[in-house]
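Work through the exercises below with the structure in view. Each task is followed by a solution in steps.

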There are 2 protein chains.
Amino acid sequence: MTQPVSATAHRIDAARLREWGTRCLAAAGMTDVDAAQLAASLVQTSLWGIDSHGIALLPHYLDRLANGTIRARPAVVVRRTAPATAMVEADQGHGIVIAHRAMDEAIAIAREQGVGAVGVRDSSHCGAIGLYARQATHAGCVGIAFTHANSVAVPHGGQRAYLGTNPIAIAVPREGAAPVCLDMATTSIPWNRVRNARREGHALPDDVAVDAEGRVTTDAHAAAAVMPLGGAAFGHKGYALALMIDLLCGPLLGNPYGPHIPPMFEALDAPRRLGALFIAIDPERFGGREVLATAAERMAVELAAEPGAPRMPSDPEHDHEAERLRNGVPVEDGLATQCRAWSERLGVRWPEP
Amino acid sequence: MTQPVSATAHRIDAARLREWGTRCLAAAGMTDVDAAQLAASLVQTSLWGIDSHGIALLPHYLDRLANGTIRARPAVVVRRTAPATAMVEADQGHGIVIAHRAMDEAIAIAREQGVGAVGVRDSSHCGAIGLYARQATHAGCVGIAFTHANSVAVPHGGQRAYLGTNPIAIAVPREGAAPVCLDMATTSIPWNRVRNARREGHALPDDVAVDAEGRVTTDAHAAAAVMPLGGAAFGHKGYALALMIDLLCGPLLGNPYGPHIPPMFEALDAPRRLGALFIAIDPERFGGREVLATAAERMAVELAAEPGAPRMPSDPEHDHEAERLRNGVPVEDGLATQCRAWSERLGVRWPEP
């Protein structure tokens with residue numbers, strides 16, 4: 001999901017950006033604790049280079065907090081539904097705060113029961129789900145996370161959008177290094193890459209988007225939906241994965257699915273009604289955390305010694321993080337303008353670079 | 001994984017093929033119960049059109065049963081390691097029998113605890129893992145299954161094979177129809193499609209295989225490894241998914257990973273030492289089985305009404321099943337020759353069409 005950063009982007013120190021975000025969110029009505037967690041999550045996501053899901057989304061979240069379609073202080077209820085399962089009734093709270101709470105519950109259950117599965121109902125956009133898979137590893141667990149989204153992806157064999165980009169994340173501990181984490185959408189590209197290509201006048205890669213008649217196109221302006229991972233020849237795989245994830249996060253948990261999910265940007269007055277499913281597994285009930293973490297590091301060393309030196313899944317994100325911790329988080333011009341406007345409205349000082 | 005069936009293939013009645021397989025496996029030393037379960041699983045897989053993992057593998061399994069690298073009567077131990085987790089110590093038994101036993105345990109745990117996670121150690125090839133995801137749905141649960149395999153896939157950014165085709169399966173119940181099931185390898189094509197293309201003199205599809213120098217090739221004879229789902233541009237996704245699945249099935253459960261897994265066909269004298277991870281979730285502890293199954297059927301109806309009429313993930317398999325139940329399971333010439341030889345050796349009558 002890493003987007004190219006333009007040369008004119010402002011670079012803002014991560015800690016200052018986090019502090020600014022926390023103040024904005026508290027001024028928008030969130031508790032200090034929730035505001036700090038949400039701002040830290042967005043800045044962390046930006047540090048990883050996942051600009052589509054980082055600080056760039058803060059103005060959108062502030063829009064929804066202002067109009068009440070994300071509740072700043074929801075009445076969240078966590079119900080243990082069986083010894084190893086729980087439901088989090090999110091009451092339209094912020095998806096990132098809710099998801100952390102749900103994975104915390106899954107971890108606590110996994111410590112007792114070996115595995116915990118926690119579903120979320122009636123929530124909102126939960127950002128980059130690699131956050132929650134990694135959260136489990138920080139407690140010594142394996143983390144698995146699924147969420148769904150509104151229709152932007154064409155089904156394999158179809159002609160127009162039906163499913164979301166429905167991502168999966170899996171993370172395991174890695175000895176002496178940040179956890180290994182997969183966090184992937186089930187489409188080849190996210191929808192906002194189409195929007196960026198339109199704005200910048202770029203063509204799309206081949207085999208990633210279709211026009212309004214369902215024909216594969218590289219014309220960003222003609223693109224009406226993105227294609228599942230695998231493209232025209234093997235998109236039945238990305239499509240099937242997206243569909244199963246939708247069933248797990250939607251109907252399994254009492255949430256809507258696909259075209260019945262209110263869209264993120266196009267219907268700002270409708271609560272999102274999103275679900276998510278979190279699974280934590282305690283490796284001590286299997287082969288042991290140390291065996292797993294040591295093997296993950298050995299795998300990284302072996303791969304680095306292979307021809308081409310392939311990298312571990314989240315290593316590029318950690319490179320971004322190191323660079324951005326030194327040089328600041330890039331904030332594009334348009335985003336900076338939005339942030340300044342929100343700063344003024346909320347009475348919070350924007351950290352000009 | 002569906003392969004084209006040649007016009008000269010024999011067609012053998014599924015029930016007769018199952019009976020023949022059961023007798024062969026019992027003659028090879030398996031208990032009648034295990035032999036019947038294994039033969040039924042292979043014939044079911046062939047009925048679904050997944051010829052790469054169906055009855056075509058029986059001669060290979062008989063080879064390994066004969067040389068003892070699959071144990072006909074293993075001393076399997078199922079250990080509950082926590083209230084919601086268990087390990088199945090497979091003692092080098094047949095992977096398909098072991099996997100059924102592991103998912104049975106996961107289902108039993110899910111009924112009590114809401115979710116069950118069961119790992120398998122020291123097992124062998126477990127066939128099409130859609131079998132086990134579906135097994136959970138037959139008990140009213142959601143099923144998730146992972147397994148790994150020896151190195152045939154090039155890592156994204158690498159030049160030669162390191163990971164296996166490491167598949168994932170997810171299944172949910174569907175009202176009034178067979179369960180919806182995803183069962184996908186994390187490479188675009190399986191390695192045996194390369195072998196078939198060599199035999200038939202066909203080219204490979206573009207963007208699915210690399211030669212010995214790691215260059216993308218459509219020449220089946222030059223192909224040295226298959227590429228992860230997503231191809232040259234987006235293969236970081238298929239690669240990352242395969243790598244995480246390897247960590248879950250290998251090191252998490254005390255099994256080897258990637259290049260350390262003894263190969264299936266190339267080292268017939270080495271036990272496979274394979275792992276697998278099975279998760280069953282009781283939907284009654286979430287939104288309810290009926291809500292889920294009804295939504296899955298409604299989704300199928302909605303999709304069928306979309307332009308292009310996209311289908312649900314496992315619908316093509318059910319079409320194959322209906323046709324093959326009528327016309328018999330295709331058995332290619334080369335396979336028929338192998339089956340006849342085994343029939344003679346084991347004193348079992350081969351059901352000539």
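The exercises use a predicted model and go from a helix pair to a sheet and then to the two chains.

**Exercise 1. Describe how α2(A) and α4(A) pack, and decide whether they are roughly parallel or roughly perpendicular.**

Step 1. Two packed helices are described by the angle between their axes and the distance between the axes.

Step 2. Helix α2 of chain A spans residues 32-47 and helix α4 of chain A spans residues 95-113; the angle is about 95° and the axes are 9 Å apart.

Step 3. Angles of 65 to 115 degrees count as roughly perpendicular, so α2(A) is roughly perpendicular to α4(A).

Step 4. On the α2(A) side the contact is made by D34(A), Q37(A), L38(A) and S41(A), and on the α4(A) side by I96(A), V97(A) and H100(A). Sorted by class, three of these residues are nonpolar, three polar and one charged.

**Exercise 2. Lay out the open sheet of chain B and state which strands are its edges.**

Step 1. The sheet has seven strands in the order β2-β3-β4-β10-β5-β6-β7, and its pairing is mixed.

Step 2. β2 (77-82) and β7 (177-184) of chain B each pair on one side only, and these are the edge strands. From one strand to the next, the twist averages 15°.

Step 3. Take one pair as an example: β5 (residues 142-147) and β6 (residues 168-174) of chain B run antiparallel and are joined by four bridges. I144(B) has I170(B) in β6(B) as its bridge partner.

Step 4. Now add helices. Helix α7 (residues 231-249) of chain A lies across β5, β6 and β7 of chain B, at about 125° to β7(B). Helix α4 (residues 95-113) of chain B also packs on the sheet, and its direction makes about 160° with that of β4(B).

**Exercise 3. Find which element gives the most to the side of chain B that touches chain A.**

Step 1. Chain B and chain A each bring 61 residues to the contact.

Step 2. Elements of chain B that supply at least two residues each include β6, β7 and α8 (289-305). The most comes from α7(B), with nine residues.

Step 3. By class, this side of chain B has 40 nonpolar, 16 polar and five charged residues.

**Exercise 4. Work out how the two copies are related.**

Step 1. A turn of 180° with a shift of 0.0 Å along the axis lays chain B on chain A with an RMSD of 0.0 Å.

Step 2. The copies are therefore related as by a two-fold rotation axis. In chain B, the residue closest to this axis is G230(B), with its C-alpha at 2.5 Å.

Step 3. Because 100% of the interface residues of chain B are also interface residues in chain A, the copies meet through the same surface.

How values were computed: Residues numbered from 1 in each chain as written. Chains lettered and ligands numbered in written order. Predicted model: local features only at pLDDT ≥ 70, side-chain atom pairs only at ≥ 80, totals over all residues. Axes fitted to C-alpha atoms, helices over the stretch in contact; angles between N-to-C directions. Parallel < 35°, antiparallel > 145°, perpendicular 65-115°, else oblique. Contact = placed C-beta atoms within 7 Å. Nonpolar A, V, L, I, M, F, W, Y, C, P; charged D, E, K, R; others polar. Pairing = 2+ DSSP bridges. Least-squares fit on C-alpha atoms with pLDDT ≥ 70 in both.
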